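Welcome! Please take a moment to look over the sequence and the structure below before reading on.

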Amino acid sequence: MSKIDDTVRRETVYIAAWVIILSVIMQAVFLIAGQWNIKALAGNILSSAAAVLNFLLMGITIQKAVDKDQKDAASMMKFSQSGRLFMQFAAAAVGVLFLNPVSSILPLFFPRIAVAFRPFVGKKFGNLLPETEASNDETVE
Amino acid sequence: MELAIGIILGCCALGAGMAMIAGIGPGIGEGSAVASACEAIGRQPECRSAVTTTMLMGCAVAETTGLYALVIAILLLFVAPGRFVNILTETMSNLG
């Protein structure tokens with residue numbers, strides 16, 4: 001089994017941290033609204049795990065795909081996306097049918113919120129700009 | 001009554017299937033993004049880390065579109081039929 005790339009690991013940790021933070025906020029809102037129960041918590045955990053796993057699998061696929069030629073990389077990514085969409089469908093369906101629908105669906109969108117905040121926390125979690133690019137800029141200056 | 005319920009269930013299933021057409025787009029988009037990234041890394045191998053990071057974020061954004069469709073499909077499959085059948089039953093009982 002190939003090792004997970006540092007970039008993929010760093011971004012997955014970033015996404016997981018945001019998912020945990022947003023999950024805690026959502027559970028607090030449930031608690032304040034008087035809607036909290038164990039099903040809401042279980043649905044949240046299930047969907048959050050699916051969202052983070054989806055991101056990790058996407059990262060691993062990208063890591064493997066960039067070493068292949070263009071055609072293989074595109075088809076590999078399409079296949080991976082189908083599989084991951086099915087996984088998320090299964091997680092959300094279980095959550096909607098047996099657990100809390102709201103707490104099962106919302107965490108699937110938490111990684112998108114995390115990506116939206118990515119530029120603001122870039123310095124903390126590693127810059128979006130490549131180190132080589134930054135060093136090139138310095139040498140130009 | 002059975003026919004009306006059947007039509008509701010059929011339309012919900014059809015709607016869910018149609019909603020998932022939107023799931024095709026992210027797959028194609030991610031595929032072409034990764035293909036372009038392969039080309040970019042081939043040209044400048046030293047930018048691999050930066051390209052991967054940017055692509056990860058881009059793919060996560062692209063995938064949200066598919067998730068919207070997924071949520072609509074799940075709601076149409078598992079939540080909407082029950083609600084619609086309840087509305088139909090109440091309407092029919094009110095009418096007599």
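Here is a short tour of the model, from confidence to chain layout, shared core, contact and one helix.

## A predicted complex

What you see is a predicted model. For the complex, the predictor gives an ipTM of 0.77 and a pTM of 0.80. Chain B has a mean pLDDT of 86, and 100% of its residues reach 70 or more.

## How chain A is laid out

If you trace chain A along its sequence, you will meet 7 helices and 0 strands, in the pattern α-α-α-α-α-α-α. The chain has 141 residues, and 37% of them are buried.

Contacts in chain A often link distant parts of the sequence: among those between residues at least 6 apart, 74% join residues at least 24 apart.

## The largest nonpolar core

The largest nonpolar core holds 49 residues. Those touching the most other members are A:Ile15, A:Val19, A:Ile62, A:Ala73, B:Val34, B:Met55 and B:Leu70. Elements of both chains supply two or more residues to this core: from chain A, helix H1 (6-33), helix H2 (38-65), helix H3 (70-98) and helix H5 (110-116), and from chain B, helix H1 (2-19), helix H2 (24-43) and helix H3 (48-95). H3(B) provides the largest share of the core, with 15 residues.

A:Ala73 is a good residue to pick out in the viewer. Setting aside its neighbours within four places in sequence, A:Ala73 is in contact with A:Ala65, A:Val66 and A:Lys68, and also with B:Val34, B:Ala35 and B:Cys38.

## Where the chains touch

The contact between the chains takes 40 residues from chain A and 34 residues from chain B. On the side of chain A that touches chain B, two or more residues come from each of H1, H2, H3, helix H4 (101-105), H5 and helix H7 (131-140) of chain A. H3(A) gives the largest share of that side, 15 residues. Sorted by class, this side of chain A has 23 nonpolar, 9 polar and 8 charged residues.

## A closer look at H3(B)

How far apart are the end C-alpha atoms of H3(B)? They are 68 Å apart. This agrees with the expected span, because the 48 residues of H3(B), at 1.5 Å a residue, should span 70 Å.

Along the way, H3(B) bends by about 45° at B:Ala80, and a proline, B:Pro81, follows within four residues. After H3(B) comes B:Gly96, whose phi is positive, near 135°.

Conventions. Residues are numbered from 1 along each chain as its sequence is written. Chains are lettered from A and ligands numbered from 1 in the order in which they are written. This is a predicted model: local features need pLDDT of at least 70, side-chain atom pairs count only at pLDDT 80 or more; totals for chains, interfaces and linings use all residues. A nonpolar core is a set of buried Ala, Val, Leu, Ile, Met, Phe, Trp, Tyr and Cys residues joined through C-beta atoms within 7 Å. A residue is buried if 20 or more other C-beta atoms lie within 10 Å of its own, exposed if 12 or fewer, and partly exposed in between; C-beta atoms are placed from the backbone. Two residues are in contact if their C-beta atoms, placed from the backbone, lie within 7 Å. pLDDT is the predictor's confidence in each residue, from 0 to 100. Ala, Val, Leu, Ile, Met, Phe, Trp, Tyr, Cys and Pro count as nonpolar, Asp, Glu, Lys and Arg as charged, and the others, Gly among them, as polar. The expected span of a helix is 1.5 Å times one less than its number of residues. The bend at a residue is the angle between axes fitted to the seven residues ending there and the seven starting there.
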